[in-house]
Amino acid sequence: MENIARVIETEDGSHSLFSEQFDVAYHSKYGAIQESEHVFIQAGLVPAMAVKSSVRILEMGFGSGLNAYLSLLFAKEQEKAIFFESIEAFPIPAQQAAYLNYPTLLKGSPEDFMALHQAPWNEPAVITPKFTLHKSAGTIQDTPLSGEFDVVFFDAFAPRSQPELWEAPVFKRIYQAMAPGGIFVTYCAKGVVKRCLRDIGFQVEGIPGPPGKREMTRAIKINT
């Protein structure tokens, strides 16, 4: 189902989207780019890439495409390969994505950013020599997960908007699809979410959050 959300500007000058359907913004009001860079790239992708020459990323919520674009830019800069699988039940139209200012602010290729949004659904697409994207249209409950993910970007809407995505059945599916030592990161720091992750088997830590948020959550799959 296509989701038409309105474009808004956050405090760091980068765009976000506001979903009227779920009554929630896609990113922090303090800055979309700085939030995604802090939570998903620096806390998740960077430590994973420090020990591997290539990684497989699972993202819950393709949304504006910002996390995928930051990962693409990171792969290009580091000259390391990324396979990026993203699940989205309510994609935005590619025409709307063209209004987002991420390529301008990040000094990246607008063509690469639009290629992420124009890529076909439910099949892999080589966006750059170091970045392959597989977008799955649907819910995480019903989408087959290919497995052995090194990093998980859990970027679903907040628990108050989509509580069913923050419960044990979803986290168990993700845990089973992760490689040993895999890193799970999310902006959410709610105690109930941390306890749920611990109960499943993750090693959970609260780490400093992005501007405007005291804490975020990082969890490691520690079993083999």
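Rings of Phe, Tyr and Trp count as a pair if their centres lie within 6.5 Å. I'm working from a predicted model here.

**Entry: aromatic pairs.** I looked up the ring pairs and got 16 of them in the structure. One of them is F154 with W166, edge-to-face, at 4.8 Å centre to centre and 80° between the planes. I checked where the two sit: F154 is in strand β8 (residues 149–154), while W166 is in the loop between β8 and α6, twelve residues along the chain from F154. I also looked up burial. F154 has a relative accessible area of 0%, so I put it down as buried. W166 comes out at 6%, so it counts as buried too.

**Entry: another pair.** Y175 and F202 are also edge-to-face, with 4.8 Å between centres and 85° between planes. Y175 belongs to helix α6 and F202 to strand β10, 27 residues apart. I found both of them buried.

**Entry: the cluster.** I then saw that these two pairs belong to one aromatic cluster, made up of F154, W166, F171, Y175, F184, Y187 and F202. I also noted a charge at Y175: the charged end of K221 sits over its ring, 4.8 Å from the centre.

**Entry: E59.** Next I went to strand β4 (residues 54–60), where E59 is found. Which side chain of opposite charge is nearest to E59? I got K135, 9.8 Å away, and E59 is buried with no salt bridge. What I did find were polar contacts from its side chain: one with the side chain of N67 at 3.0 Å, and one with that of S86 at 2.5 Å. As for K135, I found its charged end over the ring of F62, 5.3 Å from the ring centre.

Terms used. Residues are numbered from 1 along each chain as its sequence is written. This is a predicted model: local features need pLDDT of at least 70, side-chain atom pairs count only at pLDDT 80 or more; totals for chains, interfaces and linings use all residues. Side-chain values use heavy atoms; hydrogens and water are left out. Helices (H or I, at least four residues) and strands (E, at least two) are DSSP runs, numbered from the N terminus. Buried means under 20% relative accessible area, exposed over 50%, partly exposed in between (1.4 Å probe, protein chains only). Lys and Arg count as positive and Asp and Glu as negative; His and the chain ends are not counted. A salt bridge is a side-chain nitrogen of Lys or Arg within 4 Å of a carboxyl oxygen of Asp or Glu. A polar contact is a pair of N or O atoms within 3.5 Å; within protein, one must be able to donate a hydrogen and the other to accept it, and residues adjacent in sequence count only if both atoms are side-chain atoms. Rings of Phe, Tyr and Trp (its six-membered ring) pair if their centres lie within 6.5 Å; planes under 30 degrees apart count as stacked, over 60 as edge-to-face and the rest as tilted. A charge sits over a ring if NZ of Lys or CZ of Arg is within 6 Å of the ring centre and within 35 degrees of the ring normal.
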